[in-house]
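Today I want to look up the pockets and what lines them. Notes go below as I work through the structure.

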Amino acid sequence: MTLCAVWIRHTPAGDQELVFATDSCLSAGERWEAGVKLFELPRRDCFICFAGETNRAYPMILNLIQTINTSPALKNPQTDLLDILNHTKSLFTDLAQAIDLSELSRPNYDDARSEAKFIFGGWRWQTSEFSVWRLSYDIKQEVFTAQPYLLDDSQPVCFIGDLESDDLILELYEEVGIKDIKLDMQPLKLLINKIRDTSLPSSGIRGAPQIGKVYRSGNCKIFGVLWQSSNGKPHYQGRPIVGIQNLVHQYFDPDTCELINNLPDKKPDIVKFLHNDEISFVNLCYNELDNLKVDLNEFQRGKLHEILRQVAYEQFLTAVKIIEQTEAQP
């Protein structure tokens, strides 16, 4: 049971981002609500996600990651995303044809080969546009095919999963209107509503949302989310963050579908800990009243957050040295 959504987000600043979002429920004879369903690839300009049988999709995606990782040509960001798509179709077809179901009671091999569907997409610098394809196994042609999605007014979101795409699109139209659709994070809100709705027949749409963005710079990023509400625990790719795991991730508030502000509203007094270029950058992030600027982009916010983390660590080391010196005194 799955629901995946991909769309072009129009930011308040007038920029565009390609957003991937999915639930975290895996099913393969059992159900896990903390499974990875959104995958980064060894090149930074694209994502792939899946719906359907986990035991079909996982071997295909892992093989794709490995082949890209070991091929300089495929890994090279100058290689057209269309070439990656064609390689993916060929690879998935070969893997599907190699499935040995002789030990299982399957009346039709083609049905088994078509048990997983995928959305692949990212930024094509050659054409300066986001491109998205829906990959599925064509039983008649006995190959994996790719259906392009324009992500325009007629196809504002690419969906795969257990709910009808047309019904989901109608729900979006009710939310944002039909003419000149410029989506923000409404599809994420729709996904979260479906995950929370326990009355749905497709009750397997479960687990914390997984959210990723591809930018026009040709870079991508996966975000965390507080779950199951704004008062919940941080989750990343479906699982809760525990122990000493990396906490650099930015998190979405599932109630507002907005990124949580994890930066100080007032400019902190940290000049003595910074280099000159860092001082200039921090000053650029705050206005003349020392208030945090509201129009910072995600790269700027991430860099500022990393600088503040480093400052906090240096402050910790300084405090430790003071304690050690005090304890060493007779």
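**Pocket notes**

I started with who contributes to the lining of the largest pocket: α8 gives the most, with 3 residues. Worth keeping in mind that I'm working with a predicted model.

Next I pulled the volume of this largest pocket, which comes out at about 920 Å³. I count 30 residues in its lining, and those closest to the centre are Arg 9, Leu 259, Leu 296, Asn 297 and Glu 298. I then checked which elements give two or more residues to that lining, and got α6 (186-196), β11 (210-215), β16 (258-259) and α8 (298-328).

I also sorted the lining of the largest pocket by class: 12 charged, 11 nonpolar and 7 polar residues.

On to the second largest pocket, where I have a volume of about 230 Å³. Its lining has 16 residues, and Ala 51, Lys 117, Ile 160, Gly 161 and Asp 162 are the closest to the centre. For this second largest pocket, I find that the elements giving two or more residues are β6 (46-52), β7 (116-124) and β10 (157-161).

Which element gives the largest share of the lining of the second largest pocket? I looked it up, and it is β10, with 3 residues.

Last entry, the classes again: I get 6 nonpolar, 5 polar and 5 charged residues in the lining of the second largest pocket.

How values were computed:
Residues are numbered from 1 along each chain as its sequence is written. This is a predicted model: local features need pLDDT of at least 70, side-chain atom pairs count only at pLDDT 80 or more; totals for chains, interfaces and linings use all residues. Side-chain values use heavy atoms; hydrogens and water are left out. On a 1 Å grid over the protein atoms alone, a cavity is a set of points where a 1.4 Å probe fits but cannot get out, and a pocket is an open set with protein on both sides within 12 Å along at least five of seven lines; lining residues have an atom within 4 Å of a point. Grid points are joined across faces, edges and corners, and a volume is the space filled by probe spheres set on the points. Helices (H or I, at least four residues) and strands (E, at least two) are DSSP runs, numbered from the N terminus. Ala, Val, Leu, Ile, Met, Phe, Trp, Tyr, Cys and Pro count as nonpolar, Asp, Glu, Lys and Arg as charged, and the others, Gly among them, as polar.
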